[in-house]
Amino acid sequence: SMSKVLTTIVAYDALREGKIKWDDELPVSQRAWEEGGSASGGSTMFLDLNSKVKVSDLIKGIVIQSGNDACIVMAEGVAGTEENFADLMNRKARDIGMDNSHFMNASGLPDPNHYSTARDLAKMAVYLIREYPEDYKFYSEKEFAFNGIKQGNRNALLYTDPSVDGLKTGHTDEAGYCLTTSAKRGPMRLISVIFGAPSMQERATQTREILAWGYANFETKNVQAANQV
């Protein structure tokens with residue numbers, strides 16, 4: 001599910017280019033409902049078959065609720081098919097410099113050819129924060145209600161560490177419990193990526209330890225004012 005960050009980046013690109021608008025309503029296809037809905041057993045936004053959903057709600061459903069159905073609806077709305085959208089994801093990954101990643105779908109559902117590395121996901125996080133600072137704010141929201149169902153953000157650090165303002169959790173049996181995190185204290189922002197933790201609690205604990213180490217051992221210095229020789 002950490003690859004959903006790239007899904008939102010491609011969606012933000014489409015919004016910037018005018019291919020879609022925040023108020024556009026995208027249809028929920030049979031595929032999105034079956035592969036990403038509640039019957040699939042994965043994280044879902046609980047979208048209704050053949051309904052239409054605003055792009056703004058889909059973004060929150062992807063970011064906060066980690067909805068697989070929302071990802072597929074967004075992919076089909078932007079690129080026609082999820083396969084076409086995955087091509088856009090791979091193209092964007094190359095632009096960002098994610099040289100050791102490959103994406104097969106918009107949701108991050110398991111596929112042997114869908115993979116990434118800690119360094120690549122860190123690059124992805126930095127790109128999102130720098131390129132779309134206004135849209136990054138959705139990653140700090142703790143809950144979102146849709147269709148009468150309220151779900152909380154799975155990033156436990158949002159509730160316990162005020163310096164953490166995103167990004168995304170992930171879990172599969174093969175990958176374990178994973179977390180890409182961004183935290184900002186004063187002028188310094190740190191990104192951490194955790195793979196393979198044995199539990200949700202452990203991925204949060206390891207992330208806290210990494211961030212604490214980073215803030216204890218590094219500092220930000222302004223060595224020269226901008227535009228000065």
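The largest pocket encloses about 540 Å³ of space. The model in which this pocket is found is a predicted one. Of the 22 residues lining the largest pocket, His114, Tyr115, Ser116, Thr172 and Ala175 are the closest to its centre. Two elements, E5 and E7, give two or more residues to this lining. The largest share comes from E5, which gives three residues. Sorted by class, the lining of the largest pocket comprises ten nonpolar, nine polar and three charged residues.

The second largest pocket holds about 390 Å³ of space. Its lining is made up of 21 residues, and those nearest the centre are Ser1, Gly42, Ser43, Asn68 and His171. Strand E5 takes part here as well: E5 and helix H8 (200–217) each supply at least two residues of the lining of the second largest pocket. With four residues, E5 gives the most to this lining. The lining of the second largest pocket divides into four nonpolar, 13 polar and four charged residues.

Enclosed space was also examined. Rolling a probe the size of a water molecule over the atoms shows where empty space is left. The structure holds one cavity of 30 Å³ or more, and the volume of the largest cavity is about 30 Å³. Its lining consists of Val63, Ile64, Ser66, Asn153, Arg154, Asn155, Leu167, Lys168 and Thr169. E5 is again the element that gives the most, with three residues in the lining of the largest cavity. By class, three residues of this lining are nonpolar, four are polar and two are charged.

One of the residues lining the largest cavity, Leu167, also takes part in an unusual backbone feature. The peptide bond that leads from Gly166 to Leu167 is cis, and its omega lies near 20°. Leu167 belongs to strand E5.

Strand E5 is itself part of a sheet. Three strands in the order E5-E6-E7 make up this open sheet, and their pairing is antiparallel. Strand E5 (164–172) and strand E7 (188–197) are the edge strands, each pairing on one side only. On average, and with direction ignored, neighbouring strands of the sheet are turned by 10° against each other. Strand E6 (residues 176–185) is joined to E7 by eight bridges, and the two strands run antiparallel. In this pair, Tyr177 has Ala197 of E7 as its bridge partner. Helix H6 (residues 118–131) packs on the sheet and touches E5, E6 and E7. The direction of H6 makes about 140° with that of E7.

A further antiparallel pair is formed by strand E3 (residues 143–146) and strand E4 (residues 149–152), which are joined by four bridges. The bridge partner of Glu143 is Gly152 in E4. E3 and E4 form a hairpin in which two residues lie between the strands. Asn147, in the turn of this hairpin, has a positive phi of about 60°.

A positive phi is also found at Asn50, where the value is about 70° although the residue is not a glycine. Asn50 is placed in the loop between helix H2 (30–36) and strand E2 (52–54).

Helix packing was described for one further pair. Two packed helices are described by the angle between their axes and the distance between the axes. For helix H1 (residues 4–16) and helix H4 (residues 68–79), the axes come within 11 Å and cross at roughly 35°. The crossing of H1 and H4 is left-handed. On the side of H1, the contact involves Lys4, Thr7, Ala11 and Ala14, which meet Asn68, Cys71, Met74 and Val78 in H4. Five of the residues in the contact of H1 with H4 are nonpolar, two are polar and one is charged. Asn68, on the H4 side of this contact, is also among the residues that lie nearest the centre of the second largest pocket.

Note on methods
Residues numbered from 1 in each chain as written. Predicted model: local features only at pLDDT ≥ 70, side-chain atom pairs only at ≥ 80, totals over all residues. Heavy atoms only, no water. Pairing = 2+ DSSP bridges. Axes fitted to C-alpha atoms, helices over the stretch in contact; angles between N-to-C directions. Contact = heavy atoms within 4.5 Å. Left-handed = near helix turned anticlockwise from the far one by under 90°. Nonpolar A, V, L, I, M, F, W, Y, C, P; charged D, E, K, R; others polar. 1 Å grid on protein atoms, 1.4 Å probe; cavity = no way out; pocket = protein on both sides within 12 Å on 5 of 7 lines; lining within 4 Å. Points joined across faces, edges and corners; volume = space filled by probe spheres on them.
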